[in-house]
Amino acid sequence: MALFLLGGRLFRRRGDMSGSVAAVRPCMSGSSVASGRQHVNGVDLYYEQTGRGKHAVLLLPGALGSTRTDFGPQLKSLNKEHFTVVGWDPRGYGQSRPPDRDFPSDFFERDAKDAVDLMKALGFGRFSLLGWSDGGITALIAAARNPDLINRMVVWGSNAFVSQHDLELYDAVRDVSKWSARMRQPMEEVYGAEVFAKTWEGWVDGIARFAKRPEGSICMELLPLITCPTLIIHGEKDPMVPSFHPQYLLKHIRGSRLRLMPDGKHNLHLRYADEFNKLVEDFLEG
């Protein structure tokens with residue numbers, strides 16, 4: 001799950017422009033920037049894109065997250081010559097509204113299909129996935145369901161099941177009025193205070209329902225279907241994702257690797273952006 005954050009933007013556009021409204025603008029790094037909305041599976045999905053490399057990479061944000069709140073340092077600093085980086089706002093999040101966000105029992109599967117179909121609509125035949133928190137869960141499902149499309153995958157702050165301990169962690173953050181103003185501000189700027197609080201409660205209820213499934217599975221049964229090279233990153237001070245989750249992923253995703261960041265918390269890719277970006281670039285180019 002993702003809490004809080006910063007912002008960023010950027011982009012280059014390829015593929016068929018039908019069904020899309022796009023804007024191109026300069027950015028501080030000197031790379032061209034494009035943003036737009038692509039009609040996918042009945043909704044208009046907002047995306048941003050930067051770089052001109054042959055290796056396409058999709059960034060998948062956390063709960064209630066968006067391109068601008070969750071991936072500023074990655075959009076700004078990942079190598080523009082080697083990668084074409086796409087960030088997106090899942091349906092009901094960020095600028096992919098309407099519709100209002102809901103959390104049916106298949107919301108992760110729905111996000112995974114939207115993500116893959118967005119990349120197809122933008123003209124990418126194969127691509128890699130960088131998934132944070134909920135976006136990591138979405139990435140796991142997308143990789144399992146589409147082995148021929150996914151080149152490589154990096155996930156962090158993610159879990160394949162919901163335990164009783166997780167339920168306690170989620171319940172502790174349900175009431176956003178108890179968050180610090182610093183934590184609430186970025187999400188309230190995107191959604192407004194009332195919609196943010198309501199949507200966050202909807203997310204807590206939605207993810208808690210997985211605990212009622214056998215073994216609390218979100219996507220446990222799909223992990224053996226993942227065939228792409230996978231890097232799991234875990235911040236050892238992550239207060240929201242206990243260490244048994246990355247260990248489970250490592251055990252059940254064939255050939256995966258685990259990299260521990262001793263001082264990393266849930267938002268390690270923001271707090272330690274340079275180290276994270278270098279780690280990711282090396283793995284994607286491996």
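In this predicted model, R184, M187, E188 and Y191 of helix α6 make contact with A193, V195 and F196 of helix α7. Sorted by class, the residues of this α6–α7 contact are five nonpolar and two charged, with no polar residue. Helix α6 covers residues 181-191 and helix α7 covers residues 193-208. Their axes approach to within 7 Å and cross at roughly 105°. Because angles of 65 to 115 degrees count as roughly perpendicular, α6 is roughly perpendicular to α7.

**The chain as a whole**

The protein chain contains 10 helices and nine strands. It has 286 residues, and 59% of them count as buried. When contacts between residues at least 6 apart in sequence are considered, 74% join residues at least 24 apart. The exposed area of the protein chain is about 11,800 Å², of which carbon and sulfur atoms supply 51%.

**Nonpolar cores**

In soluble globular proteins, nonpolar side chains tend to be buried together. Here the largest nonpolar core has 65 residues, and the members that touch the most other members are L64, L129, W200 and W203. There is also a second, separate core, made up of 20 residues, including L78, M261, V280 and F283.

**The start of helix α8**

Helix α8 spans residues 244-252 and includes F244. H245 is also found in helix α8. F244 counts as partly exposed because its relative accessibility is 35%, while H245, at 1% relative accessibility, counts as buried.

Leaving aside residues up to four places away in sequence, F244 touches F161, S163, H165 and D166. With the same neighbours left aside, H245 touches S158, N159, A160, F161 and D166. F161 and D166 therefore appear in the contact lists of both F244 and H245. The C-alpha atoms of F244 and N159 are separated by 9.0 Å, and these two residues are 85 places apart along the chain.

**Backbone features in loops**

Several loop residues have cis peptide bonds or positive phi values. Two cis peptide bonds follow one another: one joins R97 and P98, with omega about -5°, and the next runs from P98 to P99, with omega near 10°. P98 is placed in the loop between β5 (83-88) and α3 (107-121), and P99 likewise has its place in the loop between β5 and α3.

N41 and E215 have positive phi values although neither is a glycine. The loop that holds N41 runs between β2 (32-40) and β3 (43-50). E215 is in the loop between α7 and β8 (230-235). N41 counts as partly exposed because its relative accessibility is 37%, whereas E215, at 66%, counts as exposed.

The table sets out the residues discussed above for which relative accessibility is given.

| Residue | Relative accessibility | Class |
|---|---|---|
| F244 | 35% | partly exposed |
| H245 | 1% | buried |
| N41 | 37% | partly exposed |
| E215 | 66% | exposed |

For the two positive phi values, the angle is near 50° in N41 and about 60° in E215.

Methods. Residues are numbered from 1 along each chain as its sequence is written. This is a predicted model: local features need pLDDT of at least 70, side-chain atom pairs count only at pLDDT 80 or more; totals for chains, interfaces and linings use all residues. Side-chain values use heavy atoms; hydrogens and water are left out. Axes are lines fitted to C-alpha atoms, for helices over the stretch in contact, and angles run from 0 to 180 degrees between N-to-C directions. Helices (H or I, at least four residues) and strands (E, at least two) are DSSP runs, numbered from the N terminus. Angles under 35 degrees count as roughly parallel, over 145 as roughly antiparallel, 65 to 115 as roughly perpendicular and the rest as oblique. Contact means heavy atoms within 4.5 Å. Ala, Val, Leu, Ile, Met, Phe, Trp, Tyr, Cys and Pro count as nonpolar, Asp, Glu, Lys and Arg as charged, and the others, Gly among them, as polar. A nonpolar core is a set of buried Ala, Val, Leu, Ile, Met, Phe, Trp, Tyr and Cys residues joined through side-chain atoms within 4.5 Å. Buried means under 20% relative accessible area, exposed over 50%, partly exposed in between (1.4 Å probe, protein chains only). Accessible areas come from the Shrake-Rupley method with a 1.4 Å probe; for residues, only the protein chains shown count as cover.
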